[in-house]
Amino acid sequence: MAEAEKEPKAVSDKEKKEKKEKKAAAEAMETKEKKEKKEKKEKRAAEPEEGKKKKPKVEEPVVEAKKEKKEKKEKKANKEEKADKEEKAEEAAAVTTEKEEKKEKKDKKEEDELSEEDKALQEQMELLVTRCSDPEPELRKAALNSMISEIRTSTSSMTSVPKPLKFLRTHYAPLKEVHAAASDSETKTLLADVLSVLAMTKSEQGKHESLDYRLLGSQDDVGSWGHEYVRHLAAEIGEEYNERLAAAEKAEEAKAEGTAEADAAPLKKAEDLLPLILEHMVPFFISHNSEAEAIDLLMEVGQLDALVAHVDKTNCKRICLYLGQVANYVPEPEDAQVLSVAVAAFRKLGQYPEALKMAVRLQQEPLIEEILGACEDPLIKKQMAYFLARQGLRPEAEEELERIMDGAHLTEHYLELARDLDVLEPKAPEDVYKSHLERRGSSSSHVDSARQNLAATFVNAFLNVGFGTDKLMLDENSKWLYKNKEHGMMSAAASLGAILCWDVDGGLTQIDKYLYSTDNHIKAGALLSVGVLNCGVRNECDPALALLSEYVEQKHPNNIKMGALLGLGLAYAGTKKEEVLELLMPVVADLDTPLEVVAITSLALGLVFTGSCHDDISQALMTALMERPQESLQKESLTRFICVGVGLLYLGRQQEVELTLELAKAVPGAVGEYCVLTLETCAYAGTGNVLKVQKLMAMAGEHAPKEEEAEAEAAAPAPAPARAGAAPAAPPSKEAPSLEKQAVATFGIGLVAMGEELGCDMTARTYLHLFQYCDPPVRRAVPLGLALLSTSSPMKNTVIDTISKMTHDLDQEVAISAIISLGLVAGGTNNAKVASSLRSLATYYAKEPGLLFAVRLAQGLVHAGKGLVTLSPFNPDRTLLHPVALAALTSVMHLSLDFKGLVLGKYHFLLYLLVAAMRPRMLVTLDTGFVETRNIRVATVLETRIVFCMHSKSPSYLAAPRDSAACASHCVLTIFKRHHCVM
């Protein structure tokens, strides 16, 4: 067995040896061949040039053979390609044939399935089509009249495809030929009417055959062909009108350039379509309750003014409601035109309160004054005066109306409301804090007492705003003012203005003693309190101007100047008072004025001239930005308020900002970028402009270059070690620059989108993505943007929950912004959920004085006015925007971007800007003798709405039906059953 195993092994070794020898021989042959080839190559290279020239002649047959081979290959490829194309064409033809066969089968099947009645109708239609080409005129006319009668009867209710149209569709082309060959004008007109209806289902895309045949046919009684036909015709008219306008413009340009063709066909005029639209189609839509379609058609052809002629009592409400909504979605200046038509419609029917509401949206003061003067009913006039007082407007009027618009009755009504609700008793900050519910450790008493006293000052001011009493400042035995240090005393003294707000006559006597204080901080605060006291109301004596003007003109310490300047801005916010302009312009123009004073002056000018587009002020402020050293502007955080002052001048004015925007682009560095974005966001605030929102989103989504991030991280200071029991310290992160354009772009998204409800919801979802993926400056501004979307509207639970999560962010800047935003969202509502959340945050941040200050401030905002005021810049149905309230909120947003540097520094007095946004929420009822009866709170969930009612003999004017119903159901006095309301 062993020998048998060894024998195959020896054989296999022998085979391996033979294979190796063969392989070696093959390699030797290959090496030899390579060597020969190399030698031949070198030999060729060494040959003389003459030999090279002779070489092509030797190889000529080879080249020709290659060419022939290439040509054969190309011919073969072309042949194959041609065969493929033919094959594809055959396949396409087969598919087409198959489709046609299927269609024929389907038609045949449908024909087989037709009832006897349908078959008779089909045969009748075919007979009528045949007779349309009959040489006898009477037969043609009779056939067309029968055809028209059948079509009109079937299209009166378009619940399905009308049978006559279905049977005539196949005869559309022959009928077109008959029309082209017809000579009889009457027959041709009737046939054009039929073809116009048939073209609705048969004509090609882009060809307006339905309209073309309608213009050739009889234009009378368009609606007899059915609503669907008129709607289709309206769509074609819109396209045709725009095409004719474009063709006319193109022809004019060619004529101006000298390139017009001499033999060109005459152009069709767009105006030729107007008679059909204005005389037939619009009346049809109006009479059939399709006002929206009539408005759309008139807007398409630029004839919306013609709508007023069709407005009556039955359709006025629907028309104006649609116009009011459309104005939110059209670009300027079309939005102003739409609102102007609504004003004209209301005035035509004598509905002056509603017309006034639209005029306020237009921001045209001469029109407001005209409407107020046109009204003859004294009760309606008083109603409108209350409405204008709510909006902060005061046109020229009678003395009694002027007193109402000045807000002379505001304090009286507000205190009466508080008395009825039993909230007149003053409250202390501890009533808001409820410290006994907060869980704190034994070491929680070691806090920055001066800062917490300052926080209590603001809470006390916001909590008791407008009530005239409190437990800290106005108590005779209280020394609270002196428990604050240095600049804290300024805010403490200024809090008197908030507590006594709107009561000018009674408040000045209590503030007067502080104006003579020897302490500059107290004196500055007293000056500011005079301005806060006059905020939102006007007095014929102008006490604010008389008291504050001398401190602006003379040389005083900066803090006194700033108190007087901001006081003037708050006292005359939105009034556009020329005396204030003459007083403040020299301060801005003087290059020796300290930058902080210039910043406060700019803000004051912006508040007083909000939305005025004042060229002199904007140029002066832009000059201040250009002439001052850029280094000092960029280092000083207050520089942002110069930009804000310019922005407020163009608040909501959209394209009117363009010229100033170009000037701002000339300002170099970060200041210029900040100014450009501030101008743009303010100009489009509350407009819902989608293009601006998209632009700002793209800007917020940009990421800083890695090199800049590395430099910022290297320059950022190391975080302080966390104390035991304190909130977790923020990780090392780059400090936000003093002027960060991305932050402005971020909350600017909310500022622009806040005017439209659907846009608000979409923006809120977008903010979640920005917060998750963007850079720190964007994350810090996201809560502020969310606050703008739902200020004083805590019923949006998603917003509250989102912001509550941000309050625990590791970045303290984000946490502070979120805490302040939480206070703004629930501002003046006493919302229990937010109040509980803030108490928890007070415990969480007990060892962080800066964050605890923000929490206390937010608590004061939630309980502002004991729940009787609102911070929202909108009226309850979100149709009207209060410009001064929006200006104040915008300023606070910019202030919050540097909360640590400004509010936690020495500029916390700027928080009194919020008083300009605070307005009472109440219902005031008055009888026909203009005697105040009672102030009744409207019973809505966690919210009090303000409605001004006038009981009168006629119930025909209803500006806000929803609130009118609320008034009727909750009014205690039932003597007067008929009344009307306006927001």
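These exercises work through a predicted model, each with a stepwise solution.

**Exercise 1. Confidence**

Find the average pLDDT of the chain, and examine residues 48-59 and 712-737.

Solution.
- Step 1. The mean pLDDT over the chain is 80. A score of at least 70 is reached by 80% of the residues.
- Step 2. Residues 48-59 stay under 50. For them the model has three contacts beyond four places in sequence.
- Step 3. Residues 712-737 are also below 50. This stretch has 35 contacts in the model beyond near neighbours in sequence.
- Step 4. Where pLDDT is low, the coordinates should not be read in detail.

**Exercise 2. A tilted ring pair**

How many aromatic pairs does a search of the whole structure find? Classify the pair Y414 and F467, and place both residues in the chain.

Solution.
- Step 1. The search returns 10 aromatic pairs.
- Step 2. For Y414 and F467 the centres are 5.1 Å apart, with 55° between the planes. The pair is tilted.
- Step 3. Y414 belongs to helix α19 (residues 410-420). F467 sits in the loop between α21 (449-463) and α22 (487-499). The pair therefore ties together parts that are 53 residues apart in sequence.
- Step 4. Check burial. Y414 has a relative accessible area of 0% and is buried. F467 is buried as well, at 5%.

**Exercise 3. An edge-to-face pair and its cluster**

Classify the ring pair F458 and F853, then find the cluster that contains these residues.

Solution.
- Step 1. The ring centres of F458 and F853 are 6.4 Å apart, and the planes meet at 85°. The pair is therefore edge-to-face.
- Step 2. F458 is in helix α21 and F853 in helix α42 (residues 849-862). They are 395 residues apart, so the pair links distant parts of the chain.
- Step 3. Both F458 and F853 are buried.
- Step 4. Ring pairs join F458, F462, F853, F899 and Y912 into a cluster.

**Exercise 4. Charges over rings**

Which rings have the charged ends of R856 and R878 over them?

Solution.
- Step 1. The charged end of R856 sits over the ring of Y433, at 3.9 Å from its centre.
- Step 2. The charged end of R878 sits over the ring of F874, at 4.3 Å from its centre.

**Exercise 5. Cysteines**

How many disulfides does the count give? Test C316 as a candidate.

Solution.
- Step 1. The cut-off for a sulfur pair is 2.5 Å.
- Step 2. The closest cysteine sulfur to that of C316 is in C320, 4.0 Å away. That is too far for a bond.
- Step 3. The count comes to zero disulfides.
- Step 4. Add burial. C316 is buried, with a relative accessible area of 2%. C774 also counts as buried, at 11%.

**Exercise 6. The buried face of α12**

Which residues of helix α12 (residues 291-300) are buried, and what do they pack against?

Solution.
- Step 1. The buried residues are E291, A294, I295, L297 and L298.
- Step 2. Down the axis of α12, they fall within an arc of 165°. They therefore line one face of the helix.
- Step 3. The spacing fits the general rule: an α-helix has 3.6 residues a turn, so residues three or four places apart point the same way.
- Step 4. The packing partners are α10 (227-257), α11 (274-287) and α13 (316-326).
- Step 5. Look just past the helix. G302 takes a positive phi of about 70°.

**Exercise 7. Positive phi outside glycine**

Locate S792 and N830, and decide for each whether the residue is buried or partly exposed.

Solution.
- Step 1. S792 is not a glycine, yet has a positive phi of about 55°. N830, not a glycine either, has a positive phi of about 55°.
- Step 2. S792 lies in the loop between α38 (776-789) and α39 (797-806). N830 lies in the loop between α40 (812-825) and α41 (832-844).
- Step 3. S792 is buried, at 5% relative accessible area. N830 is partly exposed, at 32%.

**Exercise 8. A buried lysine**

Where is K577, and which residues does this lysine contact beyond four places in sequence?

Solution.
- Step 1. K577 is in the loop between α26 (558-571) and α27 (578-589).
- Step 2. Its relative accessible area is 18%, and K577 is buried. The cut-off is under 20%.
- Step 3. Leaving aside neighbours within four places, K577 contacts D542, L545, Y572, V608 and F609.
- Step 4. Take V608. K577 and V608 are 31 residues apart in sequence, and their C-alpha atoms are 7.1 Å apart.

Notes:
Residues numbered from 1 in each chain as written. Predicted model: local features only at pLDDT ≥ 70, side-chain atom pairs only at ≥ 80, totals over all residues. Heavy atoms only, no water. Phe/Tyr/Trp six-rings, centres within 6.5 Å; stacked < 30°, edge-to-face > 60°. Helix = DSSP H or I, 4+ residues; strand = E, 2+ residues; numbered from the N terminus. Buried < 20%, exposed > 50% of the residue type's maximum accessible area, 1.4 Å probe, protein only. Lys NZ or Arg CZ within 6 Å of the ring centre and 35° of its normal. pLDDT = per-residue confidence, 0-100. Contact = heavy atoms within 4.5 Å. Arc of directions from axis to C-beta.
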